[in-house]
Amino acid sequence: MTTRMKSKADATSAIGDRLLTLREAAEVLRLSTRTVREYVKRGEISGKIIGKQWRFRRADLDAFFENAPSNWDFVGKNSHGD
């Protein structure tokens, strides 16, 4: 295998099979795209903007899911937290 071919193979394995769009990431997590964007903003999900569009690695989504508390207690914007 040539150096060029090896480098390309290493890059592919580092990224994974393919990158997911924002919509695909939301579908994987069964969340809205707006919620996924909020988690990215808070640094809870890793994602990158490539070509003006969000891209996500499946491994990062899996890590987010695995590290999430089993029983999140969210207080919505309109809730008083009572």
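**Helix α2 and its two sides**

In this predicted model, the face of helix α2 that is turned away from the buried side of the helix carries Arg23 and Glu27, both of which are exposed. The opposite description applies to Leu22, Ala25, Ala26 and Leu29, which are buried members of the same helix, itself spanning residues 22–29. These four residues lie on the same side of α2 because the arc they cover around the axis is only 100°.

What do the buried residues of α2 pack against? Their partners are β1 (19–21) and α3 (33–41), together with β3 (53–57) and α4 (58–67), where packing rests on heavy atoms within 4.5 Å of one another. Just after α2, the backbone at Arg30 adopts a positive phi of about 60°.

To place α2 in the whole protein, one may follow the elements from the N terminus, where the order reads α-β-α-α-β-β-α, a total of four helices and three strands. Among the contacts in the protein with a separation of 6 or more, 46% join residues that are 24 or more positions apart.

The remaining values describe the protein as a whole, beginning with burial: 16% of its 82 residues count as buried, a class that requires under 20% relative accessible area, and Leu22, Ala25, Ala26 and Leu29 of α2 are buried residues in this sense. The accessible surface of the protein, for its part, comes to about 7,000 Å², and carbon and sulfur atoms account for 49% of that area.

Methods:
Residues are numbered from 1 along each chain as its sequence is written. This is a predicted model: local features need pLDDT of at least 70, side-chain atom pairs count only at pLDDT 80 or more; totals for chains, interfaces and linings use all residues. Side-chain values use heavy atoms; hydrogens and water are left out. Buried means under 20% relative accessible area, exposed over 50%, partly exposed in between (1.4 Å probe, protein chains only). The arc is that of the directions from the helix axis to the C-beta atoms. Accessible areas come from the Shrake-Rupley method with a 1.4 Å probe; for residues, only the protein chains shown count as cover.
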